[in-house]
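Visitor: Could you take me through one part of this model up close? I would like to see how a single spot sits within the whole chain.

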Amino acid sequence: MPTALELSTRPGPDGIPVVTVAGEIDMSNADRFRDALGLAAAAADGGSFVVDLTGVEYLDSAGVHALFEHAARIRLMAGPLLEPVLTVSGLADITSVEDSRREPQ
């Protein structure tokens with residue numbers, strides 16, 4: 001049974017929106033994920049925002065596609081589990097990926 005998707009958005013220490021994601025991101029819930037990213041982008045008012053994927057256990061192509069839509073503006077936080085997906089997809093080459101053990105700067 002898939003792990004439910006949990007999403008929350010809060011301002012980070014520097015006021016930049018942080019979208020925190022936990023669970024699995026797949027085609028069944030990618031629209032919810034895309035909507036959360038869109039809201040954070042709007043809150044960032046043209047600036048960058050952080051997507052914390054530390055709690056994500058699975059990320060399929062629908063979730064990767066949602067991230068690509070905002071690649072120019074996002075900073076990702078991810079652990080070693082998602083590193084291969086972010087690298088193979090090319091996302092790690094065009095956006096910042098930070099170690100999940102650090103607070104976003």
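Where in the chain is D45 found?

Guide: Happy to help! This is a predicted model, in which local features need pLDDT of at least 70 and side-chain atom pairs count only at pLDDT 80 or more, while totals for chains, interfaces and linings use all residues. Residues are numbered from 1 along each chain as its sequence is written, and side-chain values use heavy atoms, leaving out hydrogens and water.

D45 lies in the loop between α1 and β3; helices (H or I, at least four residues) and strands (E, at least two) are DSSP runs, numbered from the N terminus. The phi angle of D45 is near 50 degrees, a positive value in a residue other than glycine. D45 counts as exposed because its relative accessibility is 69%, where exposed means over 50%, buried under 20% and partly exposed in between, with a 1.4 Å probe and protein chains only.

Now for the elements on either side of that loop. Both α1 (30-43) and β3 (49-59) give two or more residues to the largest nonpolar core, and β3 supplies the largest share, 6 residues. That core has 29 residues, and V21, F33 and F49 are among those with the most contacts inside it. A nonpolar core is a set of buried Ala, Val, Leu, Ile, Met, Phe, Trp, Tyr and Cys residues joined through side-chain atoms within 4.5 Å. Leaving aside residues up to four places away in sequence, V21 touches F33, V51 and L53, among others; contact means heavy atoms within 4.5 Å.

Stepping back, the chain has 4 helices and 5 strands, and 46% of its 105 residues count as buried.
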